[in-house]
Amino acid sequence: MVKRWSIALATALSLISLTGCGTQPQQASPTAGTSEQTQTNAQPQAKPATGGAEPSQAPKAAGTLLFYTSQPDEDANALITAFTQKYPEVRVELFRSGTEEVVSRLLAEAEAKQVKADVLLLADAPTFAGLKKRDLLLSYSSPEAAGIPAEWKDADGAYTGTKVMATVLAYNTNLTKSAPESWKVLTEPAAADKAIMPSPLYSGAAAYNVGVFTRHPDFGWEFFQALKESKMTVIKGNGAVLKSVAGGEKQYGMLVDYMAARAKKEGSPIDLVYPKEGVPVITEPIGILKDSRNPDAAKAFVDFVLSEEGQKLAASQGYTPIQKGVQAPEGLKSVEELQILSADIAQLEAAREEDKKKFGEMMGGK
């Protein structure tokens with residue numbers, strides 16, 4: 001039995017490829033020419049798909065499109081393949097890494113006035129709010145975004161959420177007699193040195209979570225001080241958290257929901273709960289660069305991601321769709337079922353670097 005789930009876990013970790021929303025270092029794709037994170041994807045096939053905006057109604061989409069993302073390799077490649085089946089005249093090139101590293105690369109390009117990316121799909125809204133403040137994003141309100149709640153898209157069209165990803169409390173089922181109900185289990189004496197979380201210095205999702213928790217009256221920085229006293233381990237990304245909990249090194253982990261659900265489905269001894277206080281969620285927004293050299297293809301790409309077809313693809317990959325009416329995957333709560341912990345996006349963006357610095361000084365991590 002142990003051997004069977006160990007094999008499944010190894011397979012799952014390989015497929016997950018280190019993070020959604022910036023959780024693990026980039027792995028070279030089989031199609032990548034080097035170990036660098038840039039690769040040319042998609043083997044276009046002239047196979048029309050159904051659903052979403054019709055190509056005939058959209059601007060002409062052709063040429064090269066450079067896509068920067070923190071999605072796992074497998075998911076990004078599946079998205080590109082589906083898009084290029086619908087738009088076979090577009091050639092998509094991919095660069096992926098953790099959110100913080102993708103942003104660092106983009107800002108360096110902007111500083112040199114050589115922005116290469118056309119489309120960004122990264123972990124969280126505060127990241128995009130910061131890029132909007134730097135006047136790096138194009139205003140584009142996709143017709144496919146009409147049904148998405150206002151709190152999950154920018155009022156000026158600079159970015160739009162693409163899915164709902166909650167950070168949950170994951171636990172090893174071999175080490176835990178009963179499922180925990182509250183985040184506070186992590187601060188109890190019995191959990192000392194038995195929990196692990198991703199670092200906000202690398203993961204955009206983790207950075208968002210720190211901002212939300214520290215601004216919520218039930219948590220604050222006192223919660224993280226309690227986690228420190230409980231010897232919470234801080235590791236680089238969500239993929240490493242999954243490995244540690246599923247492998248039995250740690251009993252509890254703060255982990256994005258889809259990773260825990262995937263591992264559970266594939267046989268790992270891991271389960272997840274949505275704590276009673278609620279959960280922080282990121283929406284993995286998408287946006288177009290103001291200096292995009294192919295805005296028509298970029299708009300078509302955004303439309304596709306937000307379309308029913310794109311949302312069903314996200315659900316098939318294990319994510320909760322952001323569009324109502326598209327069913328969430330087995331094991332995950334739908335948008336309507338979630339109790340969400342949130343904070344003002346502008347405040348989170350403005351305080352992000354200060355929050356990360358304070359977290360690093362308190363908790364360590366890279």
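Here two people talk through some labels used for this predicted model.

Colleague: Happy to dig in! Why is the pair Arg96 and Asp73 called a salt bridge?

Modeller: The closest approach of the two side chains is 3.7 Å, N to O. The cut-off is within 4 Å for a side-chain nitrogen of Lys or Arg and a carboxyl oxygen of Asp or Glu, so the pair qualifies. The structure holds 19 salt bridges.

Colleague: What makes Arg96 and Asp73 a tie between separate parts?

Modeller: Arg96 belongs to strand S3 (residues 90-96) and Asp73 to helix H2 (residues 73-86), so the bridge ties together parts 23 residues apart in sequence. Arg96 and Asp73 are buried.

Colleague: Nice. How do you know that Lys86 and Glu309 form a salt bridge?

Modeller: Their side chains come to 3.4 Å, N to O, and the limit is within 4 Å, so the label fits. Lys86 sits in helix H2 and Glu309 in helix H10 (residues 308-316), 223 residues apart, and the pair links distant parts of the chain. Both residues are buried.

Colleague: Now Glu109 and Arg105, please. Why is Glu109 called buried, while Arg105 is called partly exposed?

Modeller: Buried means under 20% relative accessible area; Glu109 has 9%, so Glu109 is buried. Arg105 has 25%, and partly exposed covers values between 20% and 50%, so that label suits Arg105. The two also form a salt bridge, with the closest N and O atoms 3.5 Å apart. Both lie in helix H3 (residues 99-111), four residues apart, about one turn of the helix.

Colleague: What makes helix H7 largely enclosed by the rest of the structure?

Modeller: Helix H7 spans residues 238-246, and eight of its nine residues are buried, so the description holds. Among the buried ones are Asn238, Leu242 and Ala246. Just after H7, Gly248 takes a positive phi of about 90 degrees.

Colleague: One more, if you have time! How do you know that Gln311 is buried?

Modeller: Gln311, found in helix H10, has 0% relative accessibility. The threshold is under 20%, so Gln311 counts as buried.

Colleague: And which residues is Gln311 in contact with, leaving aside neighbours within four places in sequence?

Modeller: They are Thr162, Val305, Leu306, Pro321, Ile322, Gln323 and Val326. For Val305, the backbone oxygen lies 3.3 Å from a polar atom of the Gln311 side chain. That value is inside the distance limit for a polar contact, within 3.5 Å.

Methods. Residues numbered from 1 in each chain as written. Predicted model: local features only at pLDDT ≥ 70, side-chain atom pairs only at ≥ 80, totals over all residues. Heavy atoms only, no water. Helix = DSSP H or I, 4+ residues; strand = E, 2+ residues; numbered from the N terminus. Buried < 20%, exposed > 50% of the residue type's maximum accessible area, 1.4 Å probe, protein only. Polar contact = N/O pair within 3.5 Å; in protein donor to acceptor, adjacent residues only side chain to side chain. Contact = heavy atoms within 4.5 Å.
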